[in-house]
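Q: I'm new to this one. Could you pick a single part and take me through it closely?

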Amino acid sequence: MLRRFVQVGARELRRTQSTAAAPEKWDLYAGVLVERLPVVSKSLNPLEKQFQDMLWRVEYENSLKSDHELKHEREIVQAELIKKGKVQVDLEDSGAKQTAQDLKDAYVEELKKFQLGSRTTPDDQANKTSSTDRCLEQTLYLLVQQKLGQQQHLLLPQGKRQEGETMRQTAERVLREHCGQELHVLFYGNAPVGFHKYKYPANQRTESTGAKVFFYRASLRSGQVAAEKQQPKFEWLPKEALNGKLSNAAYAESVNKFLL
Amino acid sequence: MSLLGAFARLGLQRCGGAAGAAVARCLHTTPVLCAEPLKKKKKLDPQIVKQREDRKKKKIEKQIRRLEKNARQLKPVEELEVPLELIDEKEKRQRKLTPLGSAELEERALLKKQWAHYKHDERVADFQIVDRLIQAQNKALAELRRESEELYQAAIEVDPQLLPVAVKGPVATPPIKNYASPDGDYLHQSMKWEVK
């Protein structure tokens with residue numbers, strides 16, 4: 001009984017403490033997740049490849065012969081007849097005529113001449129992380145080096161909200177400040193997609209306890225991060241590499257919650 | 001007037017020939033004028049007019065009825081119809097392949113099952129991703145609301161700039177830079193329709 005009383009008392013005490021510290025002030029930050037969407041389709045994995053081959057075979061089996069194939073067959077029969085000498089060869093006619101096989105060869109030749117665009121780029125080989133022209137199969141995310149406290153961190157571009165701004169406006173301004181005017185992006189709506197909060201070091205908690213970051217998603221439409229702003233490093237990274245670069249585990253966890 | 005004239009003529013005949021001739025000399029007739037007043041518009045009987053209109057109406061109504069009756073019947077789309085030559089030459093065009101062995105069939109069935117499992121897993125994973133994204137967004141919105149109701153209201157507003165949306169999907173091979181597409185021959189393939 002007595003023990004229980006003590007427990008209740010202790011709980012009361014704790015509650016009063018927490019209410020006393022309740023009007024904590026947090027700084028509001030907007031962060032922007034800029035993604036470069038995949039340019040080319042994903043390469044097929046073995047099972048997908050196998051299944052596609054099967055579908056193509058079934059398609060072939062169910063198909064009817066085309067005019068071209070019929071013509072080819074007819075010509076084979078004709079050629080055999082001529083060989084056996086059963087049919088007179090019309091010399092004038094046969095010289096000018098293009099057989100189906102000739103046509104097919106010509107088409108194949110033409111196709112061979114055409115060079116398809118490569119699914120890997122020079123930037124892939126050079127591992128140039130500042131370029132968006134790489135990892136075409138994957139979504140790339142923009143990380144920008146920023147100073148938090150004393151240290152430099154690679155983070156999603158973020159910045160503090162100013163008075164009178166909505167979070168979306170802050171996000172747009174922050175992106176412009178970090179990446180210049182050349183980067184054209186499309187923001188996905190007014191609502192934030194993710195959230196992260198961290199406390200400032202104890203000696204810096206003068207006005208506010210910490211920062212609450214609201215992340216916005218935007219997709220890259222055109223343009224590039226401005227060249228003169230390259231002093232602070234920036235990188236375009238796919239998801240796995242991004243996780244390797246984020247040094248803070250809690251931040252990485254928050255970011256991963258809204259990555260695709 | 002004509003009656004009067006007739007009586008006069010009768011009277012003259014009774015009076016005798018000499019007197020009649022004298023009277024006749026005094027008669028003047030106006031020369032024939034080769035003109036006549038403008039023809040008056042024919043006044044149609046209003047009933048006839050009505051009848052005609054009725055007839056016209058009936059005719060149109062009949063046409064409408066006929067069209068409505070056939071409304072259920074769809075017009076044939078030439079592009080969608082199986083060409084007659086394909087139907088006629090079906091025997092000739094069928095591929096004569098050796099029927100599949102039981103091993104091959106078994107393999108295909110197995111592959112299909114595997115595929116179904118694979119797609120199912122993929123779908124479940126997709127749903128999980130969507131759930132995760134929604135959860136993250138809800139959390140962010142809740143946190144924002146806790147900070148400021150005003151900002152929250154601004155955040156949940158609809159963004160009209162998002163529509164209409166244009167998306168260029170992923171392609172099999174990336175576009176070749178600075179590629180000048182060759183001018184091909186243009187074959188005008190669309191049908192010409194004649195009004196009968």
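A: Here is a walk along one helix and the residue that follows.

A quick note before we start: this is a predicted model, where local features need pLDDT of at least 70, side-chain atom pairs count only at pLDDT 80 or more, and totals for chains, interfaces and linings use all residues. Residues are numbered from 1 along each chain as its sequence is written, while chains are lettered from A and ligands numbered from 1 in the order in which they are written.

The part to look at is α7 of chain A, residues 167-179. Helices here are DSSP runs (H or I, at least four residues), and strands are too (E, at least two), numbered from the N terminus. With 13 residues at 1.5 Å a residue, α7(A) should span 18 Å, and its end C-alpha atoms are indeed 18 Å apart. That expected span is 1.5 Å times one less than the number of residues.

Now for what's tucked away: A:Met167, A:Arg168, A:Thr170, A:Ala171, A:Val174, A:Leu175, A:His178 and A:Cys179 are the buried residues of α7(A). They sit on the same side of α7(A), because they cover an arc of only 155° around the axis. The arc is taken from the directions from the helix axis to the C-beta atoms. Buried means 20 or more other C-beta atoms within 10 Å of a residue's own, exposed means 12 or fewer, and partly exposed is in between, with C-beta atoms placed from the backbone. As for the spacing, an α-helix has 3.6 residues a turn, so residues three or four places apart point the same way.

Just past α7(A) comes A:Gly180, with a positive phi of about 80°.

Elsewhere in chain A, A:Cys135 also has a positive phi, about 45°, although it is not a glycine. A:Cys135 lies in the loop between α6 (122-126) and β2 (140-148), and counts as buried because it has 22 C-beta neighbours inside 10 Å.
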